[in-house]
Structures are given as structure tokens and as C-alpha cells.
Amino acid sequence: MSALSKLANVDSRVFYWILFIALMVPFLSPIGFPITIAENTRDLYEGITDDEVEEGDVWIMNFGYGVSAWPECHPSVTVCTKALFREGAKIIFMGPHYDVELTYNKIHDTVRDDFVDKVYGEDYVFLGYITGGESAIAQLASNIRSVYPVDHFGTPLDELSMMQGVNTHEDIAGVLSSDTGDYGVHFMTQWQAAYGSKLAEIGIAMNGSTDLPRWQAGNYFGLSIGSRGGAELEILIGELGEATTAMDSISVSHLLLIFAVILGNIGMVVQRRSS
Amino acid sequence: MSQILRREAVYAFTGIITILMILEYFFWPTPQIWADTIRTWAIIVFNISLGLGAIRLLMQQSMNVQKRRENWQYSAMLLSLFVVMLLTGFAGYFATGLQTSNGIYDWLFINIYTPLGATLYPITGFYIFSAAYRAFRARNVDAALMLIAGCFVMLKNAPVGEAIWIGFATIGNWFQFTGQIPGMRTFSIVGAFGLMAYGFRALLGKERGFYAGGE
């Protein structure tokens, strides 16, 4: 067997080590490849800034992702939270993922400076974990208090000044759903399609293929896909962060993958010819 | 009587609720109180199912430990951690009135669960790398085409692609927006029709998988 034909059957562990070492490089010494902004990401950013948001508007930020998806979803959520706060919007944080409290604590950390002059109950609230799947999302549209009589900390919604008069989809200016699964679709069917609510999706890269047609069709006014979307949003707001750093690793890993696939195919061709 | 309760009553109940909810969704511009009540019940049932799921999980894992089935050690670990989280959760609740605000519970979550969760997903990247190397072989024309399209889309998604040659982005976008999105739309529309067909079959009692026993 020639050396080239061995390329078809390289041990997985070899690739694991190569990938591990290669991924270290951009973290130790960032490369900084230029990143162009996708139209769907630009639409998302423009939909939550300038004339699209009025001071005092109430937005929902849905945390439908867990710790494992933080690298993909959280950078975009961070930028969107900053943008909304800076436009004077009020935010309802909530989520159908059991990690919602961890994610809420994380957003306090990553948007620390913007939370400084915000007051809980006046500028933002945390309603906590929601169960009930699509039924719960539908019910939120018609009566928030029937799903969340109290916030995460046990305070009745009526005692929170921001929630005075906020109880249905009509009182919500827009929804940003960040999730790894179906919750963006639940908001689409029960809010956007039913009442024309303004909705955008912050999803993982794997769901990009299914989310893009919904953005093209106008169901989502904007869409951020994975950490690449997060990096694009960081550029748009002018504050580079975790996602931009991760882009170099993505570049290295994608290049390596293509290189490995080419090697594997060369090995396969040589093997076929020799046999 | 039991047969009626078990089958006909379930069919009738499902059918009536389905029709009511369809009517409310399509024919009323604002949510109706009776539909609110039904949705609230759905949420309650959903929550009960979570509890049932937990009980079922505990029963199954306890059986694994009792009968020393294969990998019973993992079941034992699950049961122990379940008890730990349950007790720390209750301790926090009785001490502070909040479910998750006690030191031990927080410590377990922040120092064990969070790093494990954050590690789990990136590790799959290594497996995907290895799997792609083995699976992406141009064994025939179809596989070669898929391989080429996949490489262009990857180079379009990674910033390095554009840095090498701007054409990678153009070609990758063409594959994604002209090649893939129409396919996904077709898939979604066909899936929706399939779901409607399933719904009608369920209403007519021809789709029995979700009824007890599926007879």
C-alpha cells in the first residue's frame, strides 16, 4: 500500500490532535479575517435600531437555548440586548429552556455596562422558565399573566411598573427568539402569522437552512445564524467580542476539514487504481 | 364502558378540541376566553407530563440498578445526582423561598453543569470532523456534486473563504440561495401538507399511534 493510499484511512485520533492544536493558534494569536455582513443579519440589526424602536417599547427576549449553545447564540443575544437598551426599549427576558436562569445571569455579565443604569421592574423583567410548548407560546399572546402570574423572583406582575398594561401581543413591540429548536417557529405560528407581531430569530448554524426561507418569506424580519451571525452583529454595533474571536477558529477548522476531505478522496482514488 | 372511555371518548374529545382551536385561530381576530381556558389546560397537562416523565425515568433507572443491567453504574449515578439536586433545590426553597438561590445548588450548576454543558457541544465538532473525512467521498457523480457544493458553502461561511477568493462567497451564496432554499421551502410545504393529512386521519380515528396502546 503506497503512502498516498493510506490517506484514505487516517486514524481519527490524528485528526483530533491536529484540530486541537490548530484551534489553539487563533486563540493565542488572532488572525482577524475580514467578515462581510449577510443581508439577514443586517435586517435584524436595522430592525432593532433607529426608527424601528421607540423609547418605552416592550420587547420579548426568548432564551430557548442552553449552556451548550452559548457560543452560537449568546453573542447575538448580547448585541441585540445592548441595541434595544440603547434605543430605550424595555425587555422581558424569559425562556423555555431549563438553563434560562443561567443564561439570564450570563446576559447580566456580557451586557454589564448597559445594565448599570437600568432598573429591574422598570426597564427589564425576568419572567423565568416556561413550559407547555406551543400552547404556552400561544397563551402568552393572549394573556401573559395566565402563564406568568409572577416573575422569576415571585413578584406579581402587577407590582412591576414595566408590566402595567402589558398583557397581550398588542402590548409587545417585538419578539427576539433565540433557540436551538422549535420556539422560533412557535412564535412564528402563534404570534407573527396570527397577529402580525414583529419577530426575529437568533438560531444556531445547523438551523440556518430551515430559518433562511422564513426570513426570505418575511416571517422573520431578521435572522442571525450561529456565531457567524454574532460576529456580524458585533461588527454592526461596533463592539467586537466572543463571536469575532471564534471566527478565526471557524476559519481554521473549516479549512482543515476541506483539506482532510481532499486528502481522503486522493487516498480513495489511489486505492481504487492500485486495486 | 371501559372500551368507550378508552377509545371513543378519546377520539371525540380530541376531535372537539381540535375543531374549536382551528376555529379560534382562523375565524376570530382576537383570542377567545374559552380558547384561553383550553390552552391553559394544555399547559397544565404538559406540566403533569413532565412529572410523569421524571417518575418513569426514575423507575426505569432503578430497575437497571436492581437487575444489574449493562451500564447500571450510569443509572446509579443518575439516581444519586437526581437526589442531590432535588434535596439542594428543596433546601434552597425552604431557606429562601426561591427554588434555585442557595449556595450548594448554584455551585453545582455553575461549576459542574455549566462547564460540562459548554464542553459537550464543541466536542461534537471533533466527531463531525472525523465523520466528514470518512463520509465525504466522491464515490459517484452525485456524491461528488454534493461534496463540491458543501465545500463552497463551508468556504462561504468561514471568513477565510472570502479572504482567499471573493468568488467563494458568490458561489456559496448561489448554492445556498438558489440551490438549497427552494428545496427547504418545498420540504416545509410538503411537510405541512403531511401534517394536515395526519391531523385529518387522527380526527377520523384512522391514526391511532397517539392513543393508548395504538390498537
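Biologist: What does the rule find across the interface of chain B and chain A by way of salt bridges?

Modeller: Just one salt bridge. Keep in mind that this is a predicted model, where local features need pLDDT of at least 70 and side-chain atom pairs count only at pLDDT 80 or more, while totals for chains, interfaces and linings use all residues. Residues are numbered from 1 along each chain as its sequence is written, chains are lettered from A and ligands numbered from 1 in the order in which they are written, and side-chain values use heavy atoms, leaving out hydrogens and water.

Biologist: Why is the meeting of Arg228(A) and Glu162(B) called a salt bridge?

Modeller: The label needs a side-chain nitrogen of Lys or Arg within 4 Å of a carboxyl oxygen of Asp or Glu. Here the N to O distance is 3.5 Å, so the pair passes the rule.

Biologist: How do you know which helices of chain B supply the side that touches chain A?

Modeller: Helices are DSSP runs (H or I, at least four residues), numbered from the N terminus. By that count, α2 (33-66), α4 (103-135), α5 (141-157), α6 (159-164) and α7 (167-203) each give at least two residues to that side. The largest share, 15 residues, belongs to α4(B).

Biologist: And how many residues of each chain are in contact?

Modeller: It's 50 residues of chain B and 64 of chain A, where contact means heavy atoms within 4.5 Å. Between them the chains bury about 4900 Å², 66% of it on carbon and sulfur atoms; that's the accessible area (1.4 Å probe) that the two parts lose on being put together, summed over both. Phe126(B), Phe129(B) and Tyr133(B) supply 15% of the area chain B buries against chain A, more than any other three residues.

Biologist: Moving into chain B, why is Thr88(B) called buried?

Modeller: Buried means under 20% relative accessible area (1.4 Å probe, protein chains only). Thr88(B) has 9%, so it counts as buried. Sitting in helix α3 (residues 72-96), Thr88(B) touches Asn102(B), Ile104(B), Tyr105(B) and Leu108(B), leaving aside residues up to four places away in sequence.

Biologist: Why is Leu57(B) called partly exposed, then?

Modeller: Partly exposed lies between the buried limit and exposed, which is over 50%. Leu57(B) has 36%, so it falls in between. Leu57(B) lies in helix α2, and its C-alpha atom is separated by 9.7 Å from that of Leu78(B), 21 residues apart along the chain.
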